[in-house]
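Reader: I'm new to reading structures, and I'd like to take one helix slowly. Could you walk me through a single one and show me what surrounds it?

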Amino acid sequence: MAAKPTNWAGNVEFAARALRRPTTFEEFREIVATGDRVRVLGSGHSFNRIADTTGDLVVLDGLPRAVEVDSANGTVRVGAATRFAELCPVLRRHGLALPNLPSTPHFTLAGAYATGTHGSGHTGGTLAAAVRSVELVTADGETVTVSRGTDDHFEGTVVSLGSLGVVTALTLETCPTFEVEQYVHEGLAWPAFPEDLTGVLGVAYSVSVFTDWSGPARVWVKRRVGDPPPDPTLLSGTRPADGPRHPIEGMPTANATEQSGVPGPWDERLPHFRAGFVPSVGDELQSEYFVPAERAAEAAAALVELGPLLAPVLRVSEVRTVAADPHWLSPAHGRDSVAFHFTWTSDARAVAGVLPRVEAALAPFDVRPHWGKLSSIAPEATSASYERLEDFRALLERFDPKGTFRNELIDRYFPR
Ligand SMILES: Cc1cc2nc3c(=O)[nH]c(=O)nc-3n(C[C@H](O)[C@H](O)[C@H](O)COP(=O)(O)OP(=O)(O)OC[C@H]3O[C@@H](n4cnc5c(N)ncnc54)[C@H](O)[C@@H]3O)c2cc1C
């Protein structure tokens, strides 16, 4: 019997009865229209069962992938299975850019938007903020386009956990291309420091703080060429790294994007990891939690207390900012946020042991877990944090009355 497909991390073996890879839209439509249970797999970088189904798991990378740039309007219409690593160089050739990118460009666009994937920066919401319209095929095989400013359920459709239908294409807003310089500063006196956390996270266009919650932290500063230099008082006590770094100690620096202030295109500096190389560790698990920005210093202080407990299972933590956005299920919905990320070892049992401790430490801060990463927070607790949750549940019933795109995770968060 053929081995079951797994996610990128290998911690999820999909329960799907079949993995389907249609090569024509007709074939694809047929799978959706005749399937009792269907789910799409993007590039499989989520760490939980969000992409899983007991029916047909469909991969869209065999379908033609459009990239149609409309320079006059500054938009691009792009096939949903396209990866950021494919799209960005095309935009750049047209003098265009996306304002924000995740840590690595390996994800499909639809997979990333579905889970509220984000980068870092005081000015940028989740990546969903760039989406202008979504084209989806619903359970009856119909194509529906949902657009910003036209459809009042647009904000429920972009970050929709793959549960409204199969996204086939997206139209994105772009901005003029720009260059970025990336610097790594080491020695941030982290445990004593967090009260000015949001200040540090705002020293440049995009900033990440990497910490193990016990020793000094490293600050990855991504400054747009032409922006003012970072306020040195916010980085006082740090020193520039004496060579290239990988966010995770001991991993090959060749996998990381260029540093030391060498200017380069936005898509080769905003992600930490280069296209074509293994991102992060590869052998790992991940979790991430969003708290309101104004509570971030307190939340960080609570995590510092857990430093010794986390040490055996933690490869590194990353702290980033995400501006408020209007998407109903975005973890940054309605509030400027700070996201606390954990790259764990691949020891699932040990990680499961520490998650409740992390979550208990963050519980006082109205925490929202990342939809595509590991969490043991009860769905009811998460749901209570989303004020548009009932609107989303209604949208789910409207788009998918038969439950074709439901899976166990969706049923837990949105019971019928
Ligand atoms: C190394 C690494 C680094 C990461 N860095 C970041 C980061 O910087 N920021 C961050 O926020 N997250 C990050 N993540 C998490 C990642 O962004 C999310 O898990 C994202 O959803 C992965 O995209 P994917 O294409 O792999 O989607 P998948 O994991 O394959 O799928 C995610 C969801 O999208 C749905 N989906 C996919 N395609 C479609 C479609 N065409 N139509 C409808 N539904 C669809 C799936 O059914 C599923 O529900 C990271 C993960 C890894 C492994």
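Author: Sure, let's take α8, and keep in mind that this is a predicted model. Helix α8 covers residues 348-362. Start with its length: at 1.5 Å a residue, its 15 residues should span 21 Å, and the end C-alpha atoms are 21 Å apart, so the two agree.

Now follow the helix along to V354, where α8 bends by about 25 degrees. Look just past that spot and you'll find a proline, P356, within four residues.

Next, which residues of α8 are buried? They are V351, V354, L355, V358, E359, A361 and L362. Notice that V354, the residue at the bend, is on that list. Here's a handy bit of background: an α-helix has 3.6 residues a turn, so residues three or four places apart point the same way.

What do those buried residues pack against? Two of the partners are helices, α6 (296-305) and α7 (307-310), and the others are the strands β16 (285-292) and β18 (337-344).

One α8 residue leads us further: V358 belongs to a second, separate core of 45 residues, which also includes V291, A296 and V304. That fits a general habit: in soluble globular proteins, nonpolar side chains tend to be buried together.

And the other core? The largest nonpolar core has 49 residues, and F84, Y113, L172, W266, L329 and F414 touch the most other members. Its largest share, five residues, comes from α10.

Definitions and conventions
Residues numbered from 1 in each chain as written. Predicted model: local features only at pLDDT ≥ 70, side-chain atom pairs only at ≥ 80, totals over all residues. Heavy atoms only, no water. Expected span 1.5 Å × (residues − 1). Bend = angle between axes of the 7 residues up to and from the residue. Buried < 20%, exposed > 50% of the residue type's maximum accessible area, 1.4 Å probe, protein only. Contact = heavy atoms within 4.5 Å. Core = buried A, V, L, I, M, F, W, Y, C linked by side-chain atoms within 4.5 Å.
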